[in-house]
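Reader: Could you take me on a close look at a single part of this model? I would enjoy one connected walk through it, with the residues named as you go.

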Amino acid sequence: MTDEAGILLRVSIFGFVAGIVYWFLSYEWLGTVALLLLGAGPGFAGLILIQEQRHRGGTGESRAVAMRRLAGIPPADPPGPSDLEAEDLGVLPLPTIWPLAAALGFTILFTGLIYGLWLVILGLGLLGYAAWGWLAAVNRENRYGRLEAGTEPPSPAAGPVGDPRPHPDTANPDPESSAR
Amino acid sequence: MQPRRRAPAARWLAVAVAVLLASGCVPQSVTQQGQAIQNLYNLFLYIAAVVFVVVSGLVIWSVIRYRRRDDELPKQTHGNNRLELLWTLIPTVIVLVLFVLTLQAQNKVLDQSSQADVRVTVTAFQWSWRFTYEGTGAEVLGTPDRIPEMVVPVGQTIRVKLISADVVHSFYVPQTLFKRQAIPGTDNEFDLTFDKVGLYHGQCTQFCGLQHPDMVFRVRVVDEGAYQSWLAAATRRGSAGQPGT
Amino acid sequence: MATTELPLPALPEAHHEERGGIVDYLTTVDHKKIGILYIFTSFGIFLAGGVLALLVRMELAEPGLQVMGENTYNQVFTMHGTLMIFLFAAQVSTGLGNYLVPLQIGAADVAFPRANAMSYWLYLFGALIVLSSFFVAGGPAAVAWTAYAPLSTREFFQGTGMDLWIIGLAVVGVAGILGAVNLVTTIFRMRMPGMTMFRTPLFTWGVLVNQLLILFAFPPLTVVFALLFLERNFGAHFFDPTTGGSPILYQHIFWFFGHPEVYIIILPIFGIISEVVPVFSRKPLFGYRAMVFAFFAIAALSFGVWAHHMFATGLVYLPYFSIMSLLIAVPTGIKVFNWVGTMWRGSITLPTAMLMCLGFIVVFLIGGITGIFLASPPIDFAVNDTYYVVAHFHYIMVGGLLYGMFAGFYFWFPKFTGKLLSERLGRWHFVTFFLGFNITFFFQFLVGLDGMPRRIADYEIPRWTTANQISTAGAFLTGVSVLIFIWNFFVSIRRGTPAGDDPWEGNSLEWVTTSPPPHHNFHHLPEVHSERPAFDWRHRDDPAFASSHTDPERNLDRG
């Protein structure tokens, strides 16, 4: 069990125990339900984490591998350039206006609950348009990232990404060479 | 223990602490129920003062004593299990003691005697109060401009039934050290037993709209004879002037 | 990057260069810029809320109505509470967390950078909706920030201001949940290799617990706002006793959110203090695991104490909530003692960031101790809803939050900008703030014990005047101290001393990168073998600390 799952499960146990104790002390249903939900929510998240870890096996993946996985790049790719700038800029998203547009649409939609249906429709329209633009941008960047990772050959001079050595040479006077 | 050798600064400090402690006390309670709260509060205050002085003293001491003097790195200690256990257990014990004391005081405060001498229904509304004396027909109705007075006899158990006509209010007489919310749809009952004759200020403390600060009332505690004659007069006035009570 | 032969349309190449400018901020998905936006927006709201607080203090300086009428006063204190609690206090730490968490765990960005931008914009638009209620007919809500039903229902408050208040805060709540999902995922999944959960810096822990609390406390808030909105606009009767509803229902759900909210505000501040104190004591944090345990104990207990705000209703089971509330003192005590333990036998310097931490410990101690009083139902009967409670939670909120926030600003400003804040002005800031704050709120304890209710525009008891006048004077001194801070900001950002990468000899990873950090955060990362990677990196050639590199499971020196 990972630390993360352990934390969530402990919160969950607290929620269940507190909820049960509270019920038998007070017979007040609202707080009991709230406390039991507090038990259920983190418990669910914790179990998901445990199950996912079983699927994935060990946790010893390097940041580069993890970043590639998060970006949807297959882990079997040959290691890319070793410096973090190239690594990170390969997976960091580009600036985009769509989060702002989506937030605006969402807000207009909610304001429509006060001022009338036409604002709800306007907000929904903007939200839908922003969601479409957002997904298109994500899609384009993902394809771009995959192609880039595939087309760029590993640079042999720079050394491997996931440093196989468990510890850097502490006697090395040059900080840059022991840094990854 | 040797006051002569104490520096004047220390004496001033002691005086200041005493004044602060004294001014940090709650007002004198005028009810039997409030007396329990007053004792509990003062006990909490003394324990709190000790805790505050000890902890802030430790902070100030360590800042003065361990100021940086050279570039040498101090010993890199990461913790101490025994100490950490100690300062987990001590607060736990203090807290449990406070909890037991709290329960005892709470039982005294909320105890309802089986036989109430006077029963008053207090209706809170925006923005004043109505005091109805059950079984007599006497009634006092206030407005924001005309402050109502709840007249009660000294030394007798008064059962207050608190209801609200509109929003949530709160019945509070500072010198009883007690308040209770008036919640629409709910009857809240509690006992007050006044020890001292006098006129006491009371006010709504739960924010209830525009004229919330004007929702003031008074409690006039009188002796038994004065109460009976007031009640007789109020009953006459009540049944004549305000039908339907 | 070789992109010439790609069949896709060319993407902008220079996106990682510093461009500045408004378009850049409108489209940014960089966690650092979003963090800055959060901090500036919430600080602006803090200033607006502060002006409202000064208006409240002016009105209360004397009995009678001088500055404004009762209705205006009710609107002013309602909006003061709303702005400060919902739109400032819970958000400024999200801003700091947004900026610092990826840096502290060695990540290039948060897990969902675009959603991160969206949660900021939702927060901004929600805040604007709440603020827009100043301009509608009837003005903003005048129902106190707790908006107890039935006072906040259509029957007792007709204005559109109330609806805007609900909708705006609901949007901010959605922003909070979205941001929490993002930051929790970031902390759980984006830590660099070697950065185990129990090596993450305490501020990251604070943000983690804070965001978990948001995740579990904001849904009830959204629920209660939905119920209230349905009741106001669509004829529902959840809180109307004449048709089977229950006014107490509102208080239950609201406070089930409301008490965790206190810790949502204060836990990241605990994290900041736990970062700053070790650095300026030149020692590791005393009892790291106990500190983490205390975070979770406080967070878990905070969900079991909601009804201590409802002791005076007479409708809750008192002992349960009393003991749960009292028990929170234990983990909080562990924290305070561990800070003292960190300073003990240290090598302490006192720049403004550290002064703010010391101020925090003392002031928070008073707030915490008076919290013990309020956890006891009989005492709560006496002082609940009086100025005693006002003073108590300002000692927690203003005292705790602002001292910690300023400590964080002084500590991380060099990282954000590459310049140091002026220490001379910083000292003035600290002294005026410490005096002003204590003058303002200490006397409210006394007048509260004397029975002065909160949320009143006018009082009829003449002996309350003195304390109120002192309090008002203190409030203006506090205002001056904030002006000194703003002045310090502008002076330092123009002509501040260059800070370098690591002006304080910091412990966590943000101090190994440049100031300000590059777009992708790190050019190189040291290996992580303890909870102080930057410290280990700085002492990598020191034989006394060589073991920290070769023995990752080394026994920490635990005295």
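**Around a shared strand in chain B**

Author: Happy to! B:Val152 has B:Val221 of β10(B) standing opposite. This is a predicted model, so please read what follows in that light. The pair belongs to a wider match: strand β4 of chain B, residues 149-153, and strand β10 of chain B, residues 216-222, run parallel and are joined by 5 bridges. Strand β10(B) has another partner in β9 of chain B, residues 198-204; these two run antiparallel, with 6 bridges between them. Here B:Leu199 is the residue opposite B:Arg220 of β10(B).

Now let us turn to another strand, β1 of chain B, which spans residues 118-125 and holds B:Arg119. Is B:Arg119 buried or exposed? It falls in between: B:Arg119 counts as partly exposed because 16 other C-beta atoms lie within 10 Å, while 20 or more would make a residue buried and 12 or fewer exposed. Beyond its neighbours within four places in sequence, B:Arg119 has contacts with B:Glu134, B:Gly135, B:Arg159 and B:Lys161. From B:Arg119 to B:Val151 there are 32 residues in sequence and 12 Å in space, C-alpha to C-alpha.

Finally, chain B also meets chain C, in a contact that takes 72 residues from chain B and 78 residues from chain C. On the side of chain C that touches chain B, α10(C) gives the most, with 9 residues. By class, that side of chain C has 50 nonpolar, 17 polar and 11 charged residues.

How values were computed. Residues are numbered from 1 along each chain as its sequence is written. Chains are lettered from A and ligands numbered from 1 in the order in which they are written. This is a predicted model: local features need pLDDT of at least 70, side-chain atom pairs count only at pLDDT 80 or more; totals for chains, interfaces and linings use all residues. Two strands pair if DSSP finds at least two bridges between them. Helices (H or I, at least four residues) and strands (E, at least two) are DSSP runs, numbered from the N terminus. Two residues are in contact if their C-beta atoms, placed from the backbone, lie within 7 Å. Ala, Val, Leu, Ile, Met, Phe, Trp, Tyr, Cys and Pro count as nonpolar, Asp, Glu, Lys and Arg as charged, and the others, Gly among them, as polar.
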